[in-house]
Amino acid sequence: MSLFKTREFWSVTDDTEEEFDQSSLKISRLNGDSDFVLIGSHSGLLKIYKPSTDLNENNVLSPYKANDLIIEKNLNFPILQIGVGKLVSGSNQVQIAILHVRSFAVYSLTTKDGAVEHGNQNMINLLYEHKLRRAAANFIIGGFGGSENRDFIAVQSLDGMLSLFEQETFVFCCFLPNFLLPGPFVYSKRTDSFLMAGTNWKIESFSYKTLSAIGQNSQESDISGLKFQPDWSFGLNEDVVDIQYQFGELSKEGFVVILGERNVVCLSDSGKLKFMKRLEYSPMCFTTYLLSDNKLMTLVVSETNSLLLYQNTMLRWSAQLPNSPISIGRANFKNLRGSIVTLTESGELSCAYLGTQPSLFSAPPLINQELDYEQAEMEMATLSKVIRTRFSNDLKLSNKNEHELGLELNVNPHLEESVFKSAHRENDYAMMCTVTVVLSPRAIFEEINLCVHVHKPLKVHPQSAFFANLSEGTSFQCQVHMDEEAEIASIQVTTIATCISSIGVPKIFKKTSVLPLNLVLKTNPPMKENNLKITLNINENSIPLSTLFPENALTLSSNAVCFANVSNEGSPVTILLAKSSQRYRLQSDSLASLNLCTQELIRRLQKYFANNKTFKITFNSSLPLTQLVQYINEHFEYRRKVNFLQNELIQLGAQFRLIQKRLISKFKDKNPTPLTNLDMLLNDTYNETLRTTVDLEKTTMDLSRSQTNLSSALYLILTLVQIMEDVDDRGLLENALAPIVEDYEGQNWEDVLDASLNHLLRTTLAKSEKDQLRAKYTCYEEVKDLAKLEKHLMMVLERVCKKGTILEVTQDEENVDHDEAKEDEDVIPVGSRLGESSTRLLSARKSLLRRRQKINEDN
Amino acid sequence: MALTWEDKEVRFDIPFSEMRLKSEEKIVDRLDNIEDTKGNGGDRGRMIITTLRILWHSISSPRINLSIGFNSIISISTKVVNSKLRGTTQALHMLTNSNNTRFEFIFTNLIPGNMRHFTSVMGVHKAYLSSKLYRELKLRGAVVYNKQLKILPLEQVFTTLHGVWNLSSDQGNLGTLIISNVRLVWFADMNEGFNISLPHLQIDTIKVRDSKFGTALVITSTQESGGYILGFRIDPEEKLHVVYKELISLYLVYNKKPIYGVEYKWSHQKETDLQKQHLIDDFSEVEEPKGEMTNVITAYLADGGHIKDRMPLYSEDLGIAIESIKEGYTLQKLWEVIPM
């Protein structure tokens with residue numbers, strides 16, 4: 001972008017669709033007093049203009065007038081190049097030379113003046129024409145061989161033949177050596193040689209004499225020609241766009257100016273480099289001229305439509321052109337010397353001069369208003385509201401969207417013979433239950449991953465299924481069966497569908513159901529007396545057990561029933577119904593066994609009285625905590641043992657590998673040495689490892705059993721706490737107690753429990769302000785001292801059981817929930833929050849300023 | 001009446017009467033969401049592309065408007081600009097020259113990715129340029145080939161008359177006169193290159209009067225086309241009067257229903273109802289007193305505050321014509337302010 005622009009004063013646009021190139025423009029005085037502009041199009045239309053450049057009363061040059069067109073003639077053949085010269089023998093007049101593909105024609109322009117301007121009659125007449133055998137590329141005109149007042153013609157063909165004509169007569173032709181494609185060429189007057197730019201990226205000089213000698217001796221049909229060398233060559237190492245020759249009459253000095261793709265190079269006519277200018281842009285076309293004292297001026301047009309004027313290598317001026325010309329020239333008109341003539345590819349011909357009024361393109365000034373911060377803040381608020389609602393809609397979509405995917409979980413109440421083999425299989429509990437998940441999508445989902453989950457020791461097979469591009473309803477069937485002999489923590493079955501919708505939004509759907517009781521429990525004859533008893537009171541008339549457990553109605557009496565685990569694990573549970581006192585009693589020898597029956601009884605009672613709002617189940621005795629602690633201890637011990645065995649296995653493994661290594665090195669020795677009882681050691685270690693592995697296997701099973709026991713006990717405690725205090729939401733405590741007991745490598749269940757208990761004690765269950773102020777418990781530590789954990793557990797349960805506290809807890813919990821919900825709604829992207837805060841900051845500042853102003857005013 | 005300024009000039013805030021279409025001026029395209037980024041940034045406007053000019057007016061205040069004649073356009077290109085309503089975007093950039101003052105216009109389409117205003121404007125501009133023979137006087141052009149007139153697509157030749165003398169030179173030239181619904185053409189029998197193509201649009205007067213060659217048909221062209229006086233002699237004299245009458249009636253018909261020759265067709269014809277609609281249908285115009293100088297043009301000037309080019313002179317130093325330099329400056333001073 002230049003600071004200056006060119007000032008166009010005359011322009012004419014082609015009204016027919018023509019095409020032009022670099023050699024379509026020629027500026028010449030012909031036989032007149034000022035320059036003519038000749039253009040020839042690819043379709044063969046020759047136009048000759050002579051801008052009248054009259055000055056009007058305001059000293060403004062006249063624009064294009066109809067009279068400026070001297071002549072327009074269709075020559076019927078494509079015009080490749082236009083030239084001028086004294087091309088008729090015996091005449092000093094300048095003629096117009098036109099190169100067509102297959103001919104070279106010379107025309108004369110004659111003018112017959114009329115009485116008025118428009119009466120001037122111009123004619124161009126064909127004087128002679130040379131037919132060309134080979135398709136032509138370009139030509140030059142000059143006084144070859146030192147002829148004065150006569151111009152000769154050299155035409156280069158596309159395949160490298162140079163044909164020479166002395167005006168009307170053909171002289172000779174010759175083939176250029178090492179030719180590939182025709183390039184631009186010029187004639188150097190002083191050295192009488194042709195300077196050709198070839199495809200070998202060199203400028204080569206061939207003297208007319210040499211060519212003439214070669215040409216006289218060769219036939220036109222002889223394509224190979226005689227080999228000859230250039231007088232000199234100059235390596236440019238880039239392709240040549242154009243080449244021009246200037247001859248200083250005073251200094252008798254020739255300038256060969258070459259426009260490359262990146263450089264302007266000036267050579268003397270003897271092939272010496274005069275100067276070179278590296279261009280910072282891609283040039284399109286150029287023209288050169290000499291000023292009196294042999295100053296070489298170069299006008300270059302860049303790809304970005306800048307016109308740059310160089311004096312030798314120095315940039316003297318630059319200006320912006322309104323269009324991108326394909327060819328440029330310099331012309332002297334009537335009232336204006338040194339005008340710039342440009343021609344574009346589509347035939348826009350214009351004459352211009354350089355502007356000297358600097359101007360920069362600048363964006364129009366925006367009317368800057370004083371920002372109204374309050375208004376901006378209001379706008380911001382409304383906008384963020386819009387964003388927020390949109391965002392929360394999105395959230396809702398991902399959670400509460402049952403209408404998008406229908407998820408149905410059907411549990412078949414009729415059991416079937418199990419087809420699964422387990423290590424501990426016994427015939428009487430080899431039953432399985434079929435669970436069917438029905439998916440009915442109401443929108444298109446890209447991916448759905450469905451999985452079914454049951455609690456240990458139950459197992460489901462197959463566990464998951466994957467659907468891609470699901471658009472119609474489908475179902476998934478799986479079987480649930482007992483896999484291990486263990487207590488049953490829960491007979492809930494959960495299915496979770498994880499989906500990615502067609503627009504890429506992830507969503508989750510969840511459904512829960514209960515498995516038939518018969519799958520895990522069988523009836524036994526009732527027992528009279530047991531260690532553990534749980535009494536449930538209800539505030540309605542008691543329901544017969546046969547009504548509550550209809551599936552076993554045939555085998556049980558109405559007021560006593562006994563269930564046992566199908567694998568005979570744990571101890572049977574007897575449920576007794578006190579006829580008069582609205583009481584159910586469950587008794588068993590094992591706390592873990594009690595769990596399932598208690599849960600089921602409560603669930604069924606609640607289901608039975610679902611329509612009765614006042615129905616209540618209560619539990620008044622103390623929680624069976626000692627047994628729970630026992631289970632915890634048991635679990636802890638097993639866990640410790642497993643850890644110990646694992647460590648031992650690591651050690652034994654290391655030892656085994658070490659012995660192996662020693663042995664190998666011994667065996668590898670060239671001179672055998674005694675084994676020094678290493679073989680025995682290896683054997684011993686191996687046996688030890690095996691034994692430990694067996695131990696570990698057994699202990700792991702014990703651990704697994706103790707996990708289910710503990711889990712069962714925890715569920716029972718949770719259930720009891722819930723009915724004791726009638727807490728609807730047991731989530732808090734359930735989360736804290738983590739009834740699904742899992743041990744991970746490096747993190748035991750006790751560690752998690754301790755951490756969550758501590759957290760509860762310091763937050764919602766805090767007794768005093770001081771407790772609440774203590775730092776939140778955030779780290780997990782390995783529990784080493786079980787007594788401490790016990791203490792914490794007792795404290796939590798104790799506090800939960802106290803009515804006042806639990807109310808507070810629930811209140812808190814509600815608050816927490818509420819807050820969370822609110823937070824969900826309020827989720828704003830961090831950026832916006834930052835933005836908002838900054839606007840808040842601004843408004844705060846603003847109000848501060850205002851206040852200050854007020855104070856000042858008051859003062 | 002013939003075209004005066006519509007296709008040649010750039011005008012700002014013109015009254016409604018001038019915005020109204022000329023007879024046979026047709027709407028090619030009409031776009032509702034165009035911002036005049038250079039002069040009225042931030043304002044939604046409507047661009048109407050007719051066969052002669054580009055009209056733009058603001059939606060909120062139709063009094064703010066532009067009329068850009070196709071003949072005034074120097075160049076059309078696309079440019080990346082910063083629009084107030086759209087941010088950085090590709091815009092239509094036009095450089096125009098009206099009465100030697102250069103104006104620059106930038107139009108942005110507010111519908112993202114919509115290029116219709118580029119294609120329409122450029123297409124119609126091309127159609128306008130390639131139909132110059134319908135509207136401009138041409139001397140010595142290549143309008144005749146092998147003694148046959150190259151007929152324009154919308155042209156109908158009514159009369160071909162041989163043996164018509166053109167009285168532009170002392171002895172006169174014998175040639176052929178062709179009269180069509182668009183123009184009259186005369187060419188010399190001896191030299192096809194010597195011809196005149198004069199559209200009815202550029203005819204000022206048609207008269208029959210005496211000359212030194214006897215009774216002659218004298219046609220003057222409009223001032224803007226050069227104000228040429230063309231004399232023709234037709235023998236016998238009765239024939240001359242017939243031709244005269246024919247020309248007069250054709251001239252009248254033409255003025256009722258001019259043929260501008262600008263044709264632009266949409267590849268899919270869905271804008272058929274455009275012609276029926278009014279340009280601006282929902283406001284009543286209060287005529288403003290004319291001649292009130294507005295400063296609106298400054299917003300559109302192509303080179304800052306530069307309104308008219310100064311006259312050129314030859315610089316001996318550069319060997320090329322330059323604009324005369326403001327007083328107090330030299331070429332050297334001007335050049336050296338540019339950081340190199």
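**Figure 1. Asn323(A) lies in the loop between strand S25 (314-320) and strand S26 (325-331) of chain A.** The model shown here and in the other views is predicted. Although Asn323(A) belongs to a loop, the residue is buried, with a relative accessible area of 9%. Its side chain makes a polar contact of 2.9 Å with the side chain of Glu348(A). Glu348(A) is also one of the residues in contact with Asn323(A) once neighbours within four places in sequence are set aside; the others are Asn305(A) and Thr344(A).

**Figure 2. Strand S15 of chain A, residues 193-197, is mostly covered.** How many of the 5 residues of this strand are buried? The count is 5 of 5. On one side of S15(A) the buried residues are Ser193(A), Leu195(A) and Ala197(A). On the other side they are Phe194(A) and Met196(A), and both faces of the strand are therefore covered.

**Figure 3. S14(A) and S15(A) form a hairpin.** Strand S14 of chain A covers residues 185-188 and is joined to S15(A) by 4 bridges. The two strands run antiparallel. Within this pairing, Tyr187(A) stands opposite Phe194(A) of S15(A). Phe194(A) is among the buried residues of S15(A). There are 4 residues between the two strands of the hairpin. Asp192(A), in the turn, has a positive phi of about 50 degrees.

**Figure 4. A hairpin is also formed by S15(A) and S16(A).** Strand S16 of chain A takes in residues 202-207, and 5 bridges join S15(A) to it. This pairing is antiparallel. Which residue of S16(A) is the bridge partner of Met196(A)? The partner is Glu204(A). Met196(A) itself is buried, on the side of S15(A) that also holds Phe194(A). Between S15(A) and S16(A) there are 4 residues. Trp201(A) is in the turn and has a positive phi of about 60 degrees.

**Figure 5. Four strands of chain A form an open sheet in the order S18-S19-S20-S21.** The pairing in the sheet is antiparallel. At the edges are strand S18 (240-248) and strand S21 (273-278) of chain A, each of which pairs on one side only. From one strand to the next, the twist averages 15 degrees. S18(A) is joined by 8 bridges to strand S19 of chain A, residues 253-260, and the two run antiparallel. One bridge partner in S19(A) is Leu259(A), which is matched with Asp242(A).

**Figure 6. Cys597(A) and Cys562(A) are shown in a structure where the search finds 0 disulfides over all chains.** A disulfide is a covalent bond between the sulfur atoms of two cysteines. Why is the sulfur of Cys597(A) not bonded to the closest cysteine sulfur? That closest sulfur belongs to Cys562(A) and is 8.2 Å away, which is too far for a bond. The cut-off used for a disulfide is 2.5 Å. Cys597(A) is buried, with a relative accessible area of 4%. Another cysteine, Cys451(A), is partly exposed, with a relative accessible area of 30%.

**Figure 7. Ser180(B) is found in strand S13 of chain B, residues 173-180.** Is Ser180(B) buried or exposed? At 0% relative accessibility, Ser180(B) counts as buried. A polar atom of its side chain lies 3.1 Å from the backbone nitrogen of Val182(B). Leaving out neighbours within four places in sequence, the residues in contact with Ser180(B) are Glu155(B), Gln156(B), Val157(B), Phe158(B), His200(B) and Leu250(B). Thr160(B) is 20 residues from Ser180(B) along the chain, and the C-alpha atoms of the two are separated by 8.8 Å.

**Figure 8. Chain A and chain B provide the setting for the close-up views.** Chain A has 12 helices and 43 strands. Of its 859 residues, 48% count as buried. Its accessible surface comes to about 43,600 Å², and carbon and sulfur atoms account for 50% of this area. Among contacts in chain A between residues at least 6 apart in sequence, 60% join residues at least 24 apart. In chain B there are 4 helices and 20 strands. Chain B has 340 residues, of which 55% count as buried. It exposes about 15,500 Å², with 53% supplied by carbon and sulfur atoms. For contacts in chain B with a separation of 6 or more, 56% are between residues 24 or more positions apart.

Note on methods:
Residues are numbered from 1 along each chain as its sequence is written. Chains are lettered from A and ligands numbered from 1 in the order in which they are written. This is a predicted model: local features need pLDDT of at least 70, side-chain atom pairs count only at pLDDT 80 or more; totals for chains, interfaces and linings use all residues. Side-chain values use heavy atoms; hydrogens and water are left out. Buried means under 20% relative accessible area, exposed over 50%, partly exposed in between (1.4 Å probe, protein chains only). Contact means heavy atoms within 4.5 Å. Accessible areas come from the Shrake-Rupley method with a 1.4 Å probe; for residues, only the protein chains shown count as cover. Two strands pair if DSSP finds at least two bridges between them. Axes are lines fitted to C-alpha atoms, for helices over the stretch in contact, and angles run from 0 to 180 degrees between N-to-C directions. A polar contact is a pair of N or O atoms within 3.5 Å; within protein, one must be able to donate a hydrogen and the other to accept it, and residues adjacent in sequence count only if both atoms are side-chain atoms.
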